[in-house]
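Thanks for making time today; I would like to walk you through one chain and its side chains, at a pace that lets us define each term as we meet it. Please have the picture in view while I talk.

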Amino acid sequence: MRIVDNYEAKIWLGLREGYSENLFTSKEVLEEIKHYCTEVRQCVSVSPTHFVYVHGEEPGLVIGFINYPRYPASQSEIRNKAKDLAERLMKRFKQYRVSITFYPTQPNGTMMLENDELKES
C-alpha cells in the first residue's frame, strides 16, 4: 500500500463559445484532453457539470488532477499542470475565463484565468 499527501486541482470549463449560442461538445474537449495527456504523460478525470448564472446557463466539464500514489507529484507540479491544461482549453475552446480550484487551497483561493485573445470591450 502507498499513501501520499493529498493534492488535487479541478478545472471548471464551460462549453459555450464565448458569449455566443455555439456549444462545443464534450467529445471535442475530450479529444484535446487526450492529446494533452499523451504529450505530458498525465492522467486526469473528466466529469460533466452544468453552470447556472445570471441570465443564463450552459453545460460544462470538470477536469480533475490528483496526486496519484503510483506516480507522486508535488503540489506545485499538480498546480502547474492544471494551469497549463486550463490555458490550453481556454484558448482552444474560446472561453473568456476558466477557473481552477485547488485542495488544499492556495493562499489566494480559486484561480481565474482570463483569455487575452478575447478581451471584452
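Let me start inside helix α1, residues 26-40, where Lys34 and Glu31 both lie, 3 residues apart, which is about one turn of the helix. Helices here are DSSP runs of H or I with at least four residues, strands are runs of E with at least two, and both are numbered from the N terminus. Lys34 forms a salt bridge with Glu31, and their closest N and O atoms are 3.3 Å apart; by salt bridge I mean a side-chain nitrogen of Lys or Arg within 4 Å of a carboxyl oxygen of Asp or Glu.

Before going on, please keep in mind that this is a predicted model, in which local features need pLDDT of at least 70 and side-chain atom pairs count only at pLDDT 80 or more, while totals for chains, interfaces and linings use all residues. Residues are numbered from 1 along each chain as its sequence is written, and side-chain values use heavy atoms, with hydrogens and water left out.

Are Lys34 and Glu31 buried or exposed? Lys34 counts as partly exposed because its relative accessibility is 49%, and Glu31 counts as partly exposed too, at 36%; buried means under 20% relative accessible area, exposed means over 50%, and partly exposed is in between, with a 1.4 Å probe and protein chains only.

A similar arrangement is found in helix α2, where Lys83 and Glu87 lie 4 residues apart, again about one turn of the helix. Their salt bridge has its closest N and O atoms 3.2 Å apart, and both residues are partly exposed, Lys83 at 30% relative accessibility and Glu87 with a relative accessible area of 28%.

Now to a salt bridge between helices, formed by Arg92 and Glu32, with the closest N and O atoms 3.8 Å apart. This pair links distant parts of the chain, since Arg92 is in helix α2 and Glu32 is in helix α1, 60 residues apart. Arg92 is partly exposed, with a relative accessible area of 38%, whereas Glu32 counts as buried because its relative accessibility is 15%. A search of the whole structure finds 8 salt bridges.

Let me turn to the loop between β3 (56-66) and α2 (75-92), where Tyr68 lies. Asn67 lies in the loop between β3 and α2 as well, and Asn67 is buried, because its relative accessible area is 8%, whereas Tyr68 counts as partly exposed at 42% relative accessibility. The C-alpha atoms of Asn67 and Ile78, 11 residues apart along the chain, are separated by 7.3 Å.

Finally, what about empty space inside? Rolling a probe the size of a water molecule over the atoms shows where empty space is left. On a 1 Å grid over the protein atoms alone, a cavity is a set of points where a 1.4 Å probe fits but cannot get out, and lining residues have an atom within 4 Å of a point. By this rule the count comes to 1 cavity of 30 Å³ or more. The largest cavity holds about 40 Å³ of space, a volume being the space filled by probe spheres set on the points, which are joined across faces, edges and corners. Among the residues that line the largest cavity are Tyr7, Glu8, Ile78 and Phe102, and α2 gives the most to this lining, with 3 residues.

Key:
1 Å grid on protein atoms, 1.4 Å probe; cavity = no way out; pocket = protein on both sides within 12 Å on 5 of 7 lines; lining within 4 Å.
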